[in-house]
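Open the model in your viewer and keep the sequence panel beside it. We will go from stop to stop, selecting a few residues each time.

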Amino acid sequence: MNDSNISEEDKLIKSQMEKMVPSYDSYMKKVTLGRERALREETVNLAQVKAGDCVLEIGCGTGTLTLAAKRKAGASGKAFGIDIIPGMIEASQRKAAEANEDITFRSGSIDDIPFSENQFDIVMCSFMIFHMSETTRRKGIAEIRRVLKPQGRLLVLDMALP
């Protein structure tokens, strides 16, 4: 992602997320009270991932949800993850290798998804869609629509404080 093409707001958010790479997994463990794996499995269930599906996670972080999606999609399915933070992609690739899962992780942004149109059965965004400017979010929704197959599904999961 070329930083000259993004807003100052998005640059600030990206900078903050880059600092989280080393502590992201421990942060998620704390935020989910040690139940991240259960949360990720429930997210995959909510997305209705089934054997043979082609799934994309946008803002994949360190890849935990993408791994859960690949397990559910099985050997006949495919899973992909994109993130704007190179360190997150590297961590995701390590996790996939350690789990012996064939998953493609690559650098990419929600507002310029690096895949062809009508490619995915399911697109998931978890804990990321509100961490960007409104302009980027709007472009991103159009991009998601572009890469989803007809009848494809989008699942957005985030949290809000009371």
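Start by selecting strand 4 (residues 120–126) and strand 5 (residues 148–157): they run parallel and are joined by 6 bridges. Two strands count as paired here if DSSP finds at least two bridges between them. Helices (H or I, at least four residues) and strands (E, at least two) are DSSP runs, numbered from the N terminus. For one of the bridges, pick serine 126, whose partner in strand 5 is leucine 157. Now add helix 6 to the selection: strand 4, helix 6 and strand 5 form a right-handed β-α-β unit. To check the hand yourself, point the strands away from you; the crossover is right-handed if the path from the first strand over the helix to the second runs clockwise.

Before zooming in, a word on what you are looking at. This is a predicted model, in which local features need pLDDT of at least 70 and side-chain atom pairs count only at pLDDT 80 or more, while totals for chains, interfaces and linings use all residues. Residues are numbered from 1 along each chain as its sequence is written, and side-chain values use heavy atoms, with hydrogens and water left out.

**Colour by confidence**

Colour the protein by pLDDT, the predictor's confidence in each residue from 0 to 100. The mean for the protein is 90, and 95% of its residues reach 70 or more. Among the elements, strand 1 (residues 54–58) has the highest mean, 98, and helix 1 (residues 8–20) the lowest, 75. Where pLDDT is low, the predicted coordinates should not be read in detail.

**Arginine 137**

Next, select arginine 137 in helix 6 (residues 134–147). Is arginine 137 buried or exposed? Its relative accessibility is 16%, so arginine 137 counts as buried (buried is under 20% relative accessible area, exposed over 50%, partly exposed in between, with a 1.4 Å probe and protein chains only). Show the polar atoms of its side chain: one lies 2.9 Å from the backbone oxygen of isoleucine 129. A polar atom of the arginine 137 side chain also lies 3.1 Å from the backbone oxygen of methionine 132. Leaving out residues up to four places away in sequence, arginine 137 touches Ile129, Phe130 and Met132, where a contact means heavy atoms within 4.5 Å.

While you are here, select phenylalanine 127, in the loop between strand 4 and helix 6. Phenylalanine 127 is not a glycine, yet its phi is positive, at about 55 degrees. Its relative accessible area is 16%, so phenylalanine 127 is buried.

**The ring cluster**

How many aromatic pairs does a search of the whole structure find? The search finds 3. Rings of Phe, Tyr and Trp (its six-membered ring) pair if their centres lie within 6.5 Å; planes under 30 degrees apart are stacked, over 60 edge-to-face, and the rest tilted. Select phenylalanine 80 and phenylalanine 115: their ring centres are 5.2 Å apart and their planes at 70 degrees, so the pair is edge-to-face. Phenylalanine 80 is in strand 2 (residues 78–83) and phenylalanine 115 in the loop between strand 3 (104–107) and strand 4, so this pair ties together parts that are 35 residues apart in sequence.

Then bring in phenylalanine 120. Its ring and that of phenylalanine 80 have centres 5.6 Å apart and planes at 80 degrees, so this pair is edge-to-face. With phenylalanine 80 in strand 2 and phenylalanine 120 in strand 4, the pair ties together parts that are 40 residues apart in sequence. Ring pairs link Phe80, Phe115 and Phe120 into a cluster. Phenylalanine 80 and phenylalanine 115 are both buried, and phenylalanine 120 is buried too.

**Aspartate 53**

For the last stop, go to aspartate 53, in the loop between helix 3 (36–46) and strand 1. Aspartate 53 is buried, with a relative accessible area of 3%. A polar atom of its side chain lies 2.9 Å from the backbone nitrogen of lysine 50. Now measure across to isoleucine 122: the two C-alpha atoms are separated by 7.4 Å, while the residues are 69 apart along the chain. Beyond residues up to four places away in sequence, aspartate 53 has contacts that include Lys78, Asp121, Ile122 and Arg153.

Notes:
A polar contact is a pair of N or O atoms within 3.5 Å; within protein, one must be able to donate a hydrogen and the other to accept it, and residues adjacent in sequence count only if both atoms are side-chain atoms.
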